[in-house]
Amino acid sequence: QVQLVESGGGLVQAGGSLRLSCAASGSIGSINAMGWYRQAPGKQRELVALIYSGGTSNYGDSVKGRFAISRDNAKNTVYLQMNSLKPEDTAVYYCIFRRISAPRDDYWGQGTQVTVSS
């Protein structure tokens with residue numbers, strides 16, 4: 001099992017910045033990925049950003065150039081710096097831990113609300 005503790009989020013004006021963090025503990029495994037998905041009301045959950053234990057990262061098209069993901073492997077913590085926020089970034093942001101080394105599995109955080117006002 002893997003436990004995830006999220007922090008950050010909240011209300012910000014358009015153009016502002018927020019930082020999310022997510023700490024993982026438990027059966028981490030040596031090869032994994034951590035990151036964030038988001039889900040807005042009436043929409044499907046979508047990838048925001050994902051970073052692998054080796055350092056490779058992926059971003060959703062809508063956040064490229066504005067968001068930056070990083071991780072501290074010693075702390076098993078992932079960070080998402082969100083800049084130039086737009087009202088369309090409003091959603092519940094879910095931390096994901098993906099264990100790639102066996103046994104493969106995904107774990108989700110409880111979600112944190114990000115609201116961007118215009």
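Serine 7 has its bridge partner in strand S3, and that partner is serine 21. The two strands involved, S1 and S3, run antiparallel and are joined by six bridges. Bear in mind as you look around that this is a predicted model.

S3 also pairs with another strand. Six bridges join S3 to S8, again in an antiparallel arrangement. One spot to look for here is alanine 23, whose bridge partner in S8 is threonine 77.

**The disulfide**

S3 has something else to show you. Cysteine 22 and cysteine 95 form a disulfide, with their sulfur atoms 2.0 Å apart. In general terms, a disulfide is a covalent bond between the sulfur atoms of two cysteines. The count for this model comes to one disulfide. Which parts of the chain does the pair tie together? Cysteine 22 lies in strand S3 (residues 18-26) and cysteine 95 in strand S9 (residues 91-99), so the link ties together parts that are 73 residues apart in sequence. The torsion about the S-S bond is about -85°, so this disulfide is left-handed. Are the two cysteines buried or exposed? Cysteine 22 has a relative accessible area of 0%, so it is buried. Cysteine 95 counts as buried too, because its relative accessibility is 0% and the cut-off is under 20%.

**The core**

Now for the nonpolar middle. The largest nonpolar core has 28 residues, and those with the most contacts inside it are Trp36, Leu80, Met82 and Tyr93. Several strands each supply at least two residues of this core, among them S3, S9, strand S4 (32-39) and strand S8 (77-82).

Tyrosine 93 is a good place to zoom in. Leaving aside neighbours within four places in sequence, tyrosine 93 is in contact with residues including Trp36 and Met82, which are also among those with the most contacts inside the core. Other contacts of tyrosine 93 include Glu6, Leu20, Arg38, Phe67 and Val114.

**Two loop residues with positive phi**

Finally, have a look at two loop residues. Asparagine 76 has a positive phi although it is not a glycine, and serine 84 likewise has a positive phi without being a glycine. Here they are together:

| Residue | Phi | Place | Relative accessibility |
|---|---|---|---|
| Asparagine 76 | about 50° | loop between S7 and S8 | 23%, partly exposed |
| Serine 84 | near 50° | loop between S8 and S9 | 41%, partly exposed |

Asparagine 76 counts as partly exposed because its 23% falls between the cut-offs for buried, under 20%, and exposed, over 50%. With 41%, serine 84 also counts as partly exposed.

Technical notes: Residues are numbered from 1 along each chain as its sequence is written. This is a predicted model: local features need pLDDT of at least 70, side-chain atom pairs count only at pLDDT 80 or more; totals for chains, interfaces and linings use all residues. Side-chain values use heavy atoms; hydrogens and water are left out. A disulfide is a pair of cysteine sulfur atoms within 2.5 Å. Helices (H or I, at least four residues) and strands (E, at least two) are DSSP runs, numbered from the N terminus. Buried means under 20% relative accessible area, exposed over 50%, partly exposed in between (1.4 Å probe, protein chains only). A nonpolar core is a set of buried Ala, Val, Leu, Ile, Met, Phe, Trp, Tyr and Cys residues joined through side-chain atoms within 4.5 Å. Contact means heavy atoms within 4.5 Å. Two strands pair if DSSP finds at least two bridges between them.
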